[in-house]
Amino acid sequence: MELEELTNAIVAGNLNVAVQMSQQAVDAGIEPKAIIGDYLIKGMEIIGARFGEGKAFVPNLLMSARAMKGCLDLLKPLMQGDTSISCGKIVIGTVKGDLHDIGKNLVASMFEGSGFELVNLGINVEADKFVQAIKDNNADILALSALLTTTMGYMKDVIEAVEAAGLRGKVKIMVGGAPVNAEFAKQIGADIYTDDANEAVIAAKRLVGKA
C-alpha cells in the first residue's frame, strides 16, 4: 500500500481516510510507531509549514489535527506503553479567570499531532493545579494560555508557584494568547512566547532538544 497517501490524508484533514489507511497499515503488519513517526507526524509538519507560509489557515490546522487524533486513538492502544515515539510531556491549560479554550485546544492538538504527550487541564486553571500536574506527569513543558488582559497577569502567579515548588529547573514554560507578547513573557520569567500553533510546536521541540 502507498502509505504516502496516509500523509496526504493528514494534510487534507480527511479523518475517515486517514483512520482507514492507518488500520490497513496495522493489518499489513506495519508497526504503529512507524506509522506515527514516518507518516502521520510528517503530515502535521507539512500542514504546519503551509500554515507558517500563509498557504493554510486555522480551519485546515483543525481538520488535520482532528484526523491525526483519530489515527492516534486507533494506534496508541496498540503500542502497549511504548513511549519512545514521544517528544516529551506537555501540561497545558488556560489560566484562572479565563474561560477561552479554542486557541489553547488548537495548540494542544498540534502538540499531540507532532508527537508530544498531552495533559490538557482545560480552562480557569489555578496555579496549584498546574504545579500538581507537572509533578504527577513529570512534565517537560508547561504551556499557559490567556485571552484576556485581565487574566494574563495570573501567568506570573503560576510561574512563581512552580518556582516555589522547586520545579522551575525541571520544566520549560511557554506562554501564548492574544494579549501576550515576547516582552511580557520575559517580564514574568517564561522561557518562550509563541503567537500561533505551528510556532508553538517548533518552539516546544526546540525546548526539549527535538528540533
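The following exercises, each with a worked solution, concern the fold of a predicted model.

Residues are numbered from 1 along each chain as its sequence is written. In this predicted model, local features need pLDDT of at least 70 and side-chain atom pairs count only at pLDDT 80 or more, whereas totals for chains, interfaces and linings use all residues; side-chain values use heavy atoms, with hydrogens and water left out.

**Exercise 1. Overall dimensions**

Determine how the radius of gyration of the chain relates to the globule rule, and describe the extent and surface of the chain.

Solution.
Step 1. The chain contains 10 helices and five strands. Helices (H or I, at least four residues) and strands (E, at least two) are DSSP runs, numbered from the N terminus.
Step 2. For 211 residues the globule rule gives 17 Å, and the radius of gyration of the chain is 17 Å, so the chain is as compact as a globular protein of that length. The radius is taken over C-alpha atoms, and the rule is 2.2 Å times the number of residues to the power 0.38.
Step 3. Along the principal axes, the C-alpha atoms fill a box of roughly 50 × 35 × 30 Å.
Step 4. The accessible surface comes to about 10100 Å², and carbon and sulfur atoms contribute 50% of this area. Accessible areas come from the Shrake-Rupley method with a 1.4 Å probe; for residues, only the protein chains shown count as cover.
Step 5. Of the 211 residues, 46% count as buried. Buried means under 20% relative accessible area, exposed over 50%, and partly exposed in between (1.4 Å probe, protein chains only).
Step 6. Among contacts with a separation of 6 or more, 72% come from residues 24 or more positions apart; contact means heavy atoms within 4.5 Å.

**Exercise 2. The sheet**

State the order in which the five strands form the sheet, and identify the strands at the edges.

Solution.
Step 1. The order is E2-E1-E3-E4-E5 in an open sheet with parallel pairing. Two strands pair if DSSP finds at least two bridges between them.
Step 2. Strand E2 (116–120) and strand E5 (192–193) each have a single partner strand, so one side of each is left without a neighbour in the sheet.
Step 3. Strand E1 (residues 88–94) is joined to E2 by five bridges in the parallel sense, and Lys89 has Glu117 in E2 as its bridge partner.
Step 4. Five bridges also join E1 to E3, where Thr94 stands opposite Ser145.
Step 5. E3 and E4 likewise pair in parallel over five bridges, with Leu144 opposite Val175 in E4.

**Exercise 3. The cover of E3 and the helices on the sheet**

Establish which residues cover the two faces of E3, and which helices lie on the sheet.

Solution.
Step 1. In a regular strand the side chains alternate between the two faces of the sheet.
Step 2. In E3, Ile141, Ala143 and Ser145 are buried on one side, and Leu142 and Leu144 are buried on the other.
Step 3. Helix H6 (residues 127–137) lies across E1, E2 and strand E3 (141–145), at about 165° to E1. Axes are lines fitted to C-alpha atoms, for helices over the stretch in contact, and angles run from 0 to 180 degrees between N-to-C directions.
Step 4. Helix H8 (residues 154–164) touches E3 and strand E4 (172–176), and its direction makes about 160° with that of E3.

**Exercise 4. The buried side of H8**

Show why the buried residues of H8 lie on the same side of the helix.

Solution.
Step 1. The buried residues are Tyr154, Met155, Val158, Ile159 and Val162.
Step 2. These residues cover an arc of only 150° around the axis, which puts them on the same side of H8. The arc is that of the directions from the helix axis to the C-beta atoms.
Step 3. An α-helix has 3.6 residues a turn, so residues three or four places apart point the same way.
Step 4. The packing partners of these buried residues are H6, E3, helix H7 (149–152), E4 and helix H9 (182–188).
Step 5. Just after H8, Gly166 adopts a positive phi of about 75°.

**Exercise 5. Loop residues**

Classify Asn124, Asn138 and Gly177 as buried, partly exposed or exposed.

Solution.
Step 1. Asn124, in the loop between E2 and H6, has a phi near 55° and is partly exposed at a relative accessible area of 38%.
Step 2. Asn138, in the loop between H6 and E3, has a phi near 50° and is exposed at 62%.
Step 3. Gly177, in the loop between E4 and H9, is partly exposed at 27%. Not counting residues up to four places away in sequence, Gly177 touches Ala146 and Tyr193.
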